[in-house]
Amino acid sequence: MGLTINQASVVYPAADGRPPVEALSRIDLAIDNDDFVVALGASGCGKSTLLNLIAGFLSPTSGEILLDGHRVQGPGADRAVVFQKHALLPWLNVIDNVAFGLKLQGGAEKARYEMAGRFIALLGLDGFQNSPVYKLSGGMQQRVGIARALTCDPKVLLMDEPLGALDALTREKAQELILRIWSETHKSVFFITHSVEEALFMGTKLIVMSPRPGRIAHRFDLSFSRQFLAGQSARQVKASPEFIRLREQVLEIIFADEEDAA
Ligand SMILES: Nc1ncnc2c1ncn2[C@@H]1O[C@H](COP(=O)(O)OP(=O)(O)OP(=O)(O)O)[C@@H](O)[C@H]1O
């Protein structure tokens with residue numbers, strides 16, 4: 001079944017003398033089980049607003065969001081969010097941060113730590129269970145944030161520029177790790193990025209959004225992540241003629257929107 005967005009619009013009301021903002025206009029989108037949907041687009045085109053709708057942090061002004069046929073009416077354990085700034089608890093160690101969501105859900109302590117330990121291993125953080133998170137590098141902290149989101153076993157993982165703060169090499173490694181985890185855990189993913197290369201490499205579906213009002217202007221079905229998971233190296237995939245052709249096509253769309261906005 002998965003997640004379905006039907007004709008969803010969001011208008012932020014007028015405030016402080018500014019007019020209302022039509023942040024999203026009549027969005028239709030299906031995120032099926034196992035889909036990795038990436039949203040790309042010029043600043044202000046409504047990517048975060050769309051993520052907040054799916055997370056249930058925000059209600060649509062009109063339209064609806066359905067998860068497995070049920071209307072989304074607020075946040076829930078079936079959807080987990082990973083932000084660019086991993087909202088970790090700096091006074092807790094790695095395992096307590098990862099187990100934190102389960103603690104909020106009231107799970108038994110032994111089961112919480114077992115589950116947390118499983119995702120710590122999956123994210124390559126074995127040996128760091130008892131390290132305070134403030135001592136870890138940015139890339140490791142982001143992996144703790146992802147482990148914490150996965151530990152609650154959500155159906156949908158929502159990621160708002162999760163790799164935006166990482167250096168280039170760490171970012172590429174994190175992309176590969178997220179794809180492997182996605183293929184192992186069979187989550188549906190909605191992923192926001194500003195990097196065209198990252199979007200093409202990771203997504204099974206790419207939506208390119210345009211601003212004023214925020215809408216989906218272009219859609220692409222992609223198979224580069226499957227090529228990587230089938231054994232091609234990330235470098236090989238990103239250097240293929242088809243990848244380069246699509247990268248130029250998408251860059252052109254985004255530059256045109258940025259120029260319109262200037
Ligand atoms: N709480 C709010 N109140 C009023 N307007 C808002 C609010 N949040 C966002 N907006 C406006 O809605 C539009 C879409 O914003 P949104 O943050 O969803 O875009 P975005 O594509 O995620 O941008 P960015 O890439 O810069 O993060 C923008 O014009 C923004 O200024």
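**Entry 1: helix α4**

I began at the residue that follows α4, Gly124, and read a positive phi there, near 70°. The model I am working from is a predicted one. I then turned back to α4 itself, which runs over residues 109–122. Its 14 residues reach 20 Å from the first C-alpha to the last, close to the 20 Å expected at 1.5 Å a residue.

Next I listed the buried positions of α4 and found Arg112, Met115, Ala116, Phe119 and Ile120. Around the axis they cover an arc of only 140°, which puts them on the same side of α4. I recalled that an α-helix has 3.6 residues a turn, so residues three or four places apart point the same way. Looking at the other side of α4, I noted Lys110 and Ala111 as exposed. I also checked what covers the buried residues of α4; the cover includes α2 (94–98), α3 (100–105) and α5 (138–151).

**Entry 2: helix α6**

I put the length check to α6, residues 168–185. At 1.5 Å a residue its 18 residues should span 26 Å, and I found its end C-alpha atoms 26 Å apart, which agrees.

Which residues of α6 are buried? I recorded Gln175, Ile178, Leu179 and Trp182. Seen down the axis of α6, the buried residues fall within an arc of 100°, so they line one face of the helix. On the face turned away from that buried side I noted Leu169 and Glu184, both exposed. The cover over the buried residues of α6 includes two strands, β3 (36–41) and β8 (188–192), and two helices, α7 (196–202) and α8 (224–229). Just after α6, I read a positive phi of about 55° at His186.

**Entry 3: the shell around the ligand**

I listed the residues around the ligand as Tyr12, Val21, Ala23, Gly41, Ser43, Gly44, Cys45, Gly46, Lys47, Ser48, Thr49 and Gly214. Two elements, β2 (21–31) and α1 (47–55), give two or more residues to this shell. Which element gives the most? I found that α1 does, with three residues. Sorting the shell by class, I obtained four nonpolar residues, seven polar and one charged.

**Entry 4: Cys45**

I singled out Cys45 from the shell around the ligand and placed it in the loop between β3 and α1. Is Cys45 buried or exposed? I counted it as buried, because 26 other C-beta atoms lie within 10 Å and the cut-off for burial is 20 or more. Leaving aside neighbours within four places in sequence, I found Cys45 in contact with Met209, Ser210, Pro211 and Gly214. Of these contacts, Gly214 is also listed among the residues around the ligand. For a long-range distance I took Arg245, 200 residues from Cys45 along the chain, and found their C-alpha atoms separated by 24 Å.

**Entry 5: helix α1 and Leu58**

I went on to α1, where seven of the nine residues are buried, so the helix is largely enclosed by the rest of the structure. I wrote the buried ones down as Lys47, Thr49, Leu50, Leu51, Leu53, Ile54 and Ala55. Two of them, Lys47 and Thr49, also appear in the list of residues around the ligand. Just after α1, Gly56 takes a positive phi, of about 85°.

I then looked up Leu58, in the loop between α1 and β4 (62–67). Leu58 counts as partly exposed, with 19 C-beta neighbours inside 10 Å. Not counting residues up to four places away in sequence, I found that Leu58 touches Val10, Thr49, Asn52 and Leu53. Of these, Thr49 and Leu53 are among the buried residues of α1. I also took the C-alpha distance from Leu58 to Gln73, 15 residues apart in sequence, and obtained 8.8 Å.

**Entry 6: the whole chain**

I closed with the overall figures. The secondary structure of the protein chain comes to ten helices and ten strands. For 262 residues, a compact globule would have a radius of gyration near 18 Å, and I noted 19 Å for the protein chain, which agrees. Taken along the principal axes, the C-alpha atoms fill a box of roughly 50 × 45 × 35 Å. I recorded 39% of the 262 residues as buried. Among contacts with a separation of 6 or more, 70% are accounted for by residues 24 or more positions apart.

Key: Residues numbered from 1 in each chain as written. Predicted model: local features only at pLDDT ≥ 70, side-chain atom pairs only at ≥ 80, totals over all residues. Helix = DSSP H or I, 4+ residues; strand = E, 2+ residues; numbered from the N terminus. Expected span 1.5 Å × (residues − 1). Buried ≥ 20, exposed ≤ 12 C-beta atoms within 10 Å, placed from the backbone. Arc of directions from axis to C-beta. Contact = placed C-beta atoms within 7 Å. Near = placed C-beta within 6 Å. Nonpolar A, V, L, I, M, F, W, Y, C, P; charged D, E, K, R; others polar. Rg over C-alpha atoms; globule rule 2.2 N^0.38 Å.
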